[in-house]
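This report goes through selected features of one model, from a set of charged pairs to the chain as a whole.

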Amino acid sequence: MSDRRPRAAWRRRPEPARSPVAPEPPGEEPSVIQATLYREGRKVSSPATLAETYRQLREHPDGMAWIGLHRPTEEELHSLAAEFDLHELAVEDALEAHQRPKLERYGDTLFVVLRAARYLDAQEEVDFGELHVFVGPDFLISVRHGAAPDLSAVRRRMEENPDLLALGPEAVLYAILDAVVDGYAPVVAGVQNDVDEIETEVFGGDPAVSRRIYELSREMVEFQRATRPLVGMLHGLMAGFAKYGTDEELQRYLRDVADHVTHTSERVDGFRQALTEILTVNATLVTQQQNAEMRALAEAGFEQNEEIKKISSWAAILFAPTLVGTIYGMNFDHMPELHWAGGYPFAVLLMAVVCTSLYVIFKRKDWL
């Protein structure tokens with residue numbers, strides 16, 4: 001990829017194919033973040049439009065153009081495709097976004113899709129962005145979808161290191177890869193803190209922790225999709241070092257990025273496994289808590305039932321003398337027992353016998 005040929009040898013577009021940049025609607029963020037021309041690692045100019053960038057690059061065939069875009073319009077990408085002979089499938093991917101991380105080669109052009117990530121402290125969640133990079137013999141085009149990554153820091157870093165920038169577009173690609181991978185470190189730290197908090201909440205009995213585990217698990221699935229393909233992508237780049245004559249210093253830098261990606265991917269896999277285990281433990285603890293609550297409820301119901309038995313037994317015992325006394329208190333003239341000399345002792349004896357009998361019966365049934 002470092003074998004740079006004259007522009008006329010690889011550019012297959014006709015001269016009239018270039019098109020001006022479509023004007024941005026008022027009040028919207030411009031699509032072209034920055035277009036800069038470099039020669040031998042030094043900044044030459046910063047054209048205001050894509051058309052001006054094309055013109056100056058033609059005037060300096062030994063230079064390199066670095067064009068940064070943020071959610072570009074279809075007209076802008078088609079203009080770039082016509083100027084730099086970008087493959088229509090890659091342009092379609094860059095327009096639609098929502099692509100998986102991948103690395104594809106179309107002739108002299110390398111097309112790279114990256115998923116950047118950043119940790120939002122306030123919301124305690126991971127925000128993902130998407131970055132598409134076209135790398136050619138004398139140009140690099142970055143198409144960003146989302147807030148991450150911030151490529152202005154990458155541009156400053158490269159401009160402060162002209163020796164590295166002089167290695168060409170593949171050096172810029174390395175710097176972008178390095179920035180994306182370095183951006184994973186704060187995310188890993190934030191997720192580790194979340195996992196620690198979740199473990200505390202699980203054993204603290206927080207009822208809302210299940211939702212937090214589920215949401216973080218979903219983010220880790222997205223994080224895996226962003227980091228795991230990068231391992232294969234970087235190994236693919238390293239496999240082509242000899243074929244494309246990649247500079248030895250740049251090879252060392254890319255190997256370092258590959259090591260960081262492997263470490264990050266392993267950490268993310270570990271997080272997902274840990275969250276799965278935490279979710280299992282949480283489900284076990286919730287089940288145990290529910291069983292304990294059901295046991296306590298059953299015990300309370302049993303005790304309440306015993307009290308009801310006692311109350312019902314005494315109510316029945318006290319009802320018997322009340323019934324007898326009520327009958328003999330009706331004061332009818334024609335009640336034989338009212339004029340009987342033994343009526344009162346008989347009534348008292350009857351109430352005592354009934355009460356005693358009921359007490360013995362309830363006692364034998366353990367109601368009293």
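E197 has a relative accessible area of 27% and is therefore partly exposed; that class lies between buried (under 20%) and exposed (over 50%), with a 1.4 Å probe and protein chains only. The model is predicted: local features need pLDDT of at least 70, side-chain atom pairs count only at pLDDT 80 or more, and totals for chains, interfaces and linings use all residues. Residues are numbered from 1 along each chain as its sequence is written, and side-chain values use heavy atoms, leaving out hydrogens and water.

The side chain of E197 forms a salt bridge with that of R212 at 2.7 Å, N to O; the term means a side-chain nitrogen of Lys or Arg within 4 Å of a carboxyl oxygen of Asp or Glu. Because R212 sits in helix α9 (residues 209–239) and E197 in helix α8 (residues 184–204), the pair ties together parts 15 residues apart in sequence. Helices are DSSP runs of H or I with at least four residues, strands are runs of E with at least two, and both are numbered from the N terminus. R212 is buried, at 18% relative accessibility. R212 also meets E201 of helix α8, 11 residues away in sequence, and E201 is partly exposed at 22%. E124, D194, E197, E201 and R212 are linked in a network of salt bridges. The whole structure has 17 salt bridges, including these:

| Pair | N to O distance |
|---|---|
| R212 and E197 | 2.7 Å |
| R212 and E201 | 2.9 Å |
| E104 and K102 | 3.8 Å |

In the E104 and K102 pair, K102 is buried at 10% relative accessibility, while E104 is partly exposed at 25%.

Helix α5 (residues 151–159) has L151, V154, R155 and M158 buried. These residues lie on the same side of α5, because they cover an arc of only 100° around the axis, taken from the directions from the helix axis to the C-beta atoms. R155 has no salt bridge although it is buried; the nearest side chain of opposite charge, E159, is 5.0 Å away. Leaving aside residues up to four places away in sequence, R155 touches Q34, T36, Y38, W66 and G68, a contact being heavy atoms within 4.5 Å.

Over the whole chain there are 12 helices and 7 strands, and 40% of the 368 residues are buried. The mean pLDDT, the predictor's confidence in each residue from 0 to 100, is 82, and 89% of residues reach 70 or more. Over residues 1–29 pLDDT stays under 50.

Conventions
Lys and Arg count as positive and Asp and Glu as negative; His and the chain ends are not counted.
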